[in-house]
Amino acid sequence: MAFFIASSPHAHSRRSTPDLMKWVALCALPGLFAQTYFFGWGTLIQLVFAILLSLALEAGVMKMRKRPPMLALRDNSAIVTAWLLAIAIPPLSPWWIVAIGLVFAIVVAKHLYGGIGQNLFNPAMVAYVVLLISFPVQMTSWIAPTELQPSTIPFSDAVSLIFTGFNLDGLSLQQVRTGIDGLTMATPLDAFKTALHSGNTAAEALSQPQFSGLAGLGWEWVNLAYLAGGLLLIKMRIINWHIPISFIVSLFIISILFSLFTPGETASPLIHILSGATMLGAFFIATDPVSASTTVKGRLIFGAFIGAMIFIIRTWGGFPDGVAFAVLLGNMCVPLIDYYTKPRTYGH
């Protein structure tokens, strides 16, 4: 038997980058199905469009860099970036929202830093933050869950709303969102924060229709679906448990403490854990192997920091859900975290 001498790193996993990216997308399917069930066809349509556009952008940038396009297309990283962005934006957002976001994600946040493995920040979250700051109305125009809608939006109307701005009957997106009953179409986190800022009590905020259930109608099931997919990623050793567990535990503990000491002024722990993009962020976004911390202690600190920042932004910040901002702030701290948590050299 031949004995080969090779330099580090010595990887113990036979999984390639394309294989890892493929499993990340497959494990996100339960969450995608839950979003489609509760919020209609828009998410699925956005996803197909985003994947096609991301592959075209990836190939175009690689040609501009005078490199073979298939080298980048085979690693499936563009598909995962498109996937994360598509499921994070409101289902019936205009097509150009996705297009602008992917240009920032693929061209700016990824390839301007040198391509996969060189980006300092999570590309999908860079795109999301740019879109949220630049187009706040479009990025907060979530439709109500199907149970609260006067009538479901068929597939053909969803396609027409995304690519033309009107459904087949000539109604605009705003008219479709409002519906005949004039229901508020804010997310549970947004509705809760708005109600408190308007002088209402927490009990009055929770009496709104979208709060039926544990943490918002539909949203708790979406988060539980992403939790199931994330646990599968851990079981298959695609990701480590340190970041998602410290992320969730940090957010849960801080929300419990504030609920005990300032009752009625902050959302409950269940709302924080099972609403918004909590589980998506914990298992599929914060665990990005390129932009996350690389040491064991560093991953625990990184995840806990993101969980704390999410609570701060949700409670006192100007945006209802702070996952994207918290992840980017965590990415900024990675060099410092890794520097102070790197293991001692053997023999010291």
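Is Lys66 buried or exposed? Lys66 counts as exposed, because its relative accessibility is 76%. The notes below go through this predicted model point by point.

1. **Lys66 and its backbone.** Lys66 sits in the loop between helix H3 (42-64) and helix H4 (69-73). Look at its backbone angle. Phi of Lys66 is near 60°, a positive value in a residue other than glycine. Most residues other than glycine have a negative phi.

2. **Asn76.** Here is another positive phi in a residue other than glycine: for Asn76 the angle is near 65°. Asn76 is placed in the loop between H4 and H5. Asn76 counts as partly exposed, because its relative accessibility is 21% and the buried class ends at 20%.

3. **Salt bridge within helix H1.** The structure holds three salt bridges. Side chains of opposite charge can pair when their charged atoms come close. One pair is Asp19 and Lys22, at 3.4 Å from N to O. Both residues belong to helix H1, three residues apart, which is about one turn of the helix. Lys22 is partly exposed, as its relative accessible area is 40%.

4. **Salt bridge between distant parts of the chain.** Glu58 and Lys110 meet through their side chains at 2.8 Å, N to O. This pair links distant parts of the chain: Glu58 is in helix H3, Lys110 is in the loop between H6 and H7, and they are 52 residues apart. Are these partners buried or exposed? Glu58 counts as buried, because its relative accessibility is 0%. Lys110 also counts as buried, with a value of 3%.

5. **Salt bridge of Arg314 and Asp321.** The closest N and O atoms of this pair are 2.9 Å apart. Arg314 is buried, with a relative accessible area of 5%. Asp321 has 17%. Asp321 is still called buried, because the buried class covers values under 20%.

6. **Gln35.** Find Gln35 in helix H2 (residues 29-39). Gln35 counts as buried, because its relative accessibility is 3%. What does Gln35 contact, leaving aside its neighbours within four places in sequence? The partners are Gly40, Thr43, Ile87, Trp142, Val222 and Tyr226.

7. **Leu120.** Leu120 is in the loop between helix H6 (95-108) and helix H7 (123-134). Leaving aside neighbours within four places in sequence, Leu120 is in contact with Tyr113, Ser291 and Asn331. Take Ser291. Along the chain, Leu120 and Ser291 are 171 residues apart, yet their C-alpha atoms are separated by 5.5 Å.

8. **Nonpolar surface patch.** A nonpolar patch of about 870 Å² lies on the surface. Its members include Trp241, Ile245, Phe252, Leu260 and Leu300. Which helix gives the most to the nonpolar patch? Helix H14 (residues 242-261) does, with seven residues. Trp241 lies in the loop between helix H13 (219-235) and H14. Trp241 counts as partly exposed, because its relative accessibility is 44%.

9. **Largest pocket.** The volume of the largest pocket is about 970 Å³. How many residues line the largest pocket? The lining has 32 residues, and those nearest the centre are Leu20, Thr287, Asp288, Pro289 and Val290. Several helices take part. Helix H1 (17-27), helix H5 (77-88), H7 and helix H16 (278-285) each supply at least two lining residues.

Technical notes: Residues are numbered from 1 along each chain as its sequence is written. This is a predicted model: local features need pLDDT of at least 70, side-chain atom pairs count only at pLDDT 80 or more; totals for chains, interfaces and linings use all residues. Side-chain values use heavy atoms; hydrogens and water are left out. Helices (H or I, at least four residues) and strands (E, at least two) are DSSP runs, numbered from the N terminus. Contact means heavy atoms within 4.5 Å. Patches are made of residues with over 30% relative accessible area and no salt bridge: like charges are joined within 9 Å, nonpolar side chains (Val, Leu, Ile, Met, Phe, Trp, Tyr) within 5 Å. Accessible areas come from the Shrake-Rupley method with a 1.4 Å probe; for residues, only the protein chains shown count as cover. A salt bridge is a side-chain nitrogen of Lys or Arg within 4 Å of a carboxyl oxygen of Asp or Glu. Buried means under 20% relative accessible area, exposed over 50%, partly exposed in between (1.4 Å probe, protein chains only). On a 1 Å grid over the protein atoms alone, a cavity is a set of points where a 1.4 Å probe fits but cannot get out, and a pocket is an open set with protein on both sides within 12 Å along at least five of seven lines; lining residues have an atom within 4 Å of a point. Grid points are joined across faces, edges and corners, and a volume is the space filled by probe spheres set on the points.
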